[in-house]
Amino acid sequence: MSSTHDEKSPQHAVFVGGLGAAAAIIFSCLGASYGTAVSGVGIASMAISKPELIMKSIIPVVMSGIIAIYGLVVAVLISGSIGHNYTVQKSYIHLGAGLSVGLAGLSAGVAIGIVGDAGVRGTAQQPRLYVGMILILIFAEVLGLYGLIVAIYLYAKI
């Protein structure tokens, strides 16, 4: 340990806390990008036959983008709390918070992408499918929200 750190602040604590911030943004952005890409392919495919439905079918892309915001919020919170008196306990809690929002965002993004792709293609063939697609997308989005809630709860514990 260097002389600039006191006994409660080992140098690896900052690394572990940084991993938490990185996990939050990396995994949630992976989920958001996957959801955007897969549902975007479905929108492009559907738009060939029904171009009037493009704006109505953009909902999965918007919902995927929200997943990335969840990770950004937690990553900024964690990054802002890393300082001189940063303890190992705080760092591991921040790692857990980052992983909870990041991995929940990854799974939500995958679900949104798959449902969005199939949903917009199906809506082009049967318009009554639209409400069902929106409900399923909401249930997929809330998975990422659950991760955000757990992450904020963990962050507030210390």
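**Exercise 1.** Is Ser-64 buried or exposed in this predicted model, and which residues beyond its close sequence neighbours does Ser-64 contact?

*Solution.* Begin by placing the residue, which lies in helix α2. Next, take the relative accessible area of Ser-64, which is 0%, and compare this value with the cut-off, under 20%, that defines a buried residue; Ser-64 is therefore buried. Finally, list the contacts, leaving aside neighbours within four places in sequence: Ser-64 is in contact with Ala-32, Gly-35, Thr-36 and Ile-112.

**Exercise 2.** Starting from Ile-112, determine which residues Ile-112 contacts and what part Ile-112 plays in the largest nonpolar core.

*Solution.* Once neighbours within four places in sequence are set aside, the contacts of Ile-112 are Pro-60, Met-63, Ser-64, Ile-67, Leu-137, Ala-140 and Glu-141. Turning to the core, which has 26 residues, one finds that Ile-112 is among the members that touch the most others, together with Ile-67, Val-74, Val-101, Met-133 and Leu-137. The helices that each give two or more residues to this core are α1 (11-49), α2 (59-81), α3 and α4 (129-156).

**Exercise 3.** Describe the setting of Gly-98 by its helix, its burial and its contacts, and then state how far Gly-98 lies from Gly-113.

*Solution.* Gly-98 is found in helix α3, which covers residues 88-125. With a relative accessible area of 0%, Gly-98 is buried. Apart from neighbours within four places in sequence, the residues in contact with Gly-98 are Gly-20, Ala-23, Ala-24, Val-74 and Ile-78; of these, Val-74 also appears among the core members that touch the most others. For the last step, the C-alpha atoms of Gly-98 and Gly-113 are 22 Å apart in space, while the two residues are 15 apart in sequence.

**Exercise 4.** Characterise the chain as a whole, working from its helices and strands to its overall dimensions, its contacts and its surface.

*Solution.* The chain holds four helices and zero strands, so that its pattern along the sequence reads α-α-α-α. Its radius of gyration is 19 Å, well over the 15 Å that the globule rule gives for 158 residues, and the chain is therefore more spread out than a compact globule. Along the principal axes, the C-alpha atoms fill a box of roughly 70 × 25 × 15 Å. Among contacts with a separation of 6 or more, 82% join residues 24 or more positions apart. Buried residues make up 41% of the chain, and of the exposed area of about 8,100 Å², carbon and sulfur atoms supply 74%.

Definitions and conventions: Residues are numbered from 1 along each chain as its sequence is written. This is a predicted model: local features need pLDDT of at least 70, side-chain atom pairs count only at pLDDT 80 or more; totals for chains, interfaces and linings use all residues. Side-chain values use heavy atoms; hydrogens and water are left out. The radius of gyration is taken over C-alpha atoms; the globule rule is 2.2 Å times the number of residues to the power 0.38. Buried means under 20% relative accessible area, exposed over 50%, partly exposed in between (1.4 Å probe, protein chains only). Contact means heavy atoms within 4.5 Å. Accessible areas come from the Shrake-Rupley method with a 1.4 Å probe; for residues, only the protein chains shown count as cover. A nonpolar core is a set of buried Ala, Val, Leu, Ile, Met, Phe, Trp, Tyr and Cys residues joined through side-chain atoms within 4.5 Å.
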